[in-house]
Amino acid sequence: MIELDRIDRKILAALQQNGRISNLELAEMVGLSPTPCSRRIKRLEEAGVIEGYAARISPAALGFGICVMVSVKLAKQSPDAAEQFMTAIRDQPEITECLLVTGNVDYLLRVWVKDIEALRTFISEALQAIPCVAETSTMVILDTQTSNRLLSVSGNAQGGKAQLARSARGADRA
């Protein structure tokens, strides 16, 4: 396990704000020269702390006017049913997030569709047609108050210090 130090946390905070920042700008921001900064970024990537880089795209710009959360209850909780469900939804482009949850449902899905007709079609033909699905419930999102909230990298999060598995290639070298 490696522990994130103050500089690692500064790097993570800066990259969350601007994933396109140049290594030179980032190095200046966190008080390192470019080469050690680049090494730290590579170590964070290899350790799985940085999972990737992406652009945030407006759903409305692509014609997606409706976002819903769909709770899904399986007919029975078994590894086979879970695998059947995951296989069936894996290639559904409408699903942008799938969460395994506790409580009276098994999964919570974030789904983006163009309109109500597309939602009806998705629910009836993509979700309710899966044999292991017993029940679905749909909640239309009317407004989003907070989205893409950045993770706290200050080290003050509950659960103590952030610790990460070292990569097999010696990601603990800074």
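**Exercise 1.** Does R40 count as buried or exposed, and at what relative accessibility? Then trace the charged partners around R40.

*Solution.* The model is predicted.

Step 1. R40 counts as buried because its relative accessibility is 10%, and the cut-off for buried is under 20%.

Step 2. R40 forms a salt bridge with D5, with 2.9 Å between the closest N and O atoms. The two residues belong to distant parts of the chain: D5 is in the loop between β1 and α1, R40 is in helix α3, and 35 residues separate them. D5 counts as partly exposed because its relative accessibility is 31%.

Step 3. The side chain of R40 also makes a polar contact of 2.8 Å with that of D8. D8 is in helix α1 and counts as buried because its relative accessibility is 1%. Neighbours within four places in sequence aside, D8 is in contact with E3, R40, R43 and L44.

**Exercise 2.** Describe helix α1 and state what its buried residues pack against.

*Solution.*

Step 1. Helix α1 covers residues 6–17, twelve residues in number. From first C-alpha to last it reaches 17 Å, close to the expected 16 Å.

Step 2. At the start of the helix, a side-chain oxygen of D5 comes to within 3.1 Å of the backbone nitrogen of I7.

Step 3. The buried residues of α1 are I7, D8, R9, I11, L12, A14 and L15. Residues three or four places apart in an α-helix point the same way, because there are 3.6 residues a turn.

Step 4. These buried residues pack against β1 (2–3), α2 (23–30) and α3 (34–46).

**Exercise 3.** Work out how β3 and β4 are joined, and which residue stands opposite E97.

*Solution.*

Step 1. β3 and β4 run antiparallel and are joined by five bridges.

Step 2. Six residues lie between the strands of this hairpin, and G103 has a positive phi near 110°.

Step 3. The residue opposite E97 is R110 in β4. E97 and R110 form a salt bridge, the closest N and O atoms being 3.3 Å apart. The bridge links E97 in strand β3 to R110 in strand β4, 13 residues apart.

Step 4. Both ends count as partly exposed, because E97 has a relative accessible area of 32% and R110 one of 27%.

**Exercise 4.** D106 is buried: which side chain of opposite charge is nearest, and how far away is it?

*Solution.*

Step 1. D106 is in the loop between β3 (95–100) and β4 (107–113).

Step 2. The nearest side chain of opposite charge is K73, at 6.8 Å. A salt bridge requires a distance within 4 Å, so this pair does not qualify, and D106 has no salt bridge.

Step 3. D106 does have a side-chain polar contact, of 3.0 Å, with Q77. Beyond four places in sequence, the residues it touches include V72, L74, L99 and V101.

**Exercise 5.** Locate A81 and find what it touches away from its sequence neighbours.

*Solution.*

Step 1. A81 lies in helix α4, residues 79–89. A81 counts as buried because its relative accessibility is 6%.

Step 2. Setting aside residues up to four places away in sequence, A81 touches L74, K76 and C132.

Step 3. A81 and C132 are 51 residues apart along the chain, yet 5.8 Å separates their C-alpha atoms.

Step 4. For the chain as a whole, among contacts between residues at least 6 apart in sequence, 68% join residues at least 24 apart.

Technical notes: Residues numbered from 1 in each chain as written. Predicted model: local features only at pLDDT ≥ 70, side-chain atom pairs only at ≥ 80, totals over all residues. Heavy atoms only, no water. Helix = DSSP H or I, 4+ residues; strand = E, 2+ residues; numbered from the N terminus. Expected span 1.5 Å × (residues − 1). Buried < 20%, exposed > 50% of the residue type's maximum accessible area, 1.4 Å probe, protein only. Contact = heavy atoms within 4.5 Å. Polar contact = N/O pair within 3.5 Å; in protein donor to acceptor, adjacent residues only side chain to side chain. Lys, Arg positive; Asp, Glu negative; His and termini not counted. Pairing = 2+ DSSP bridges.
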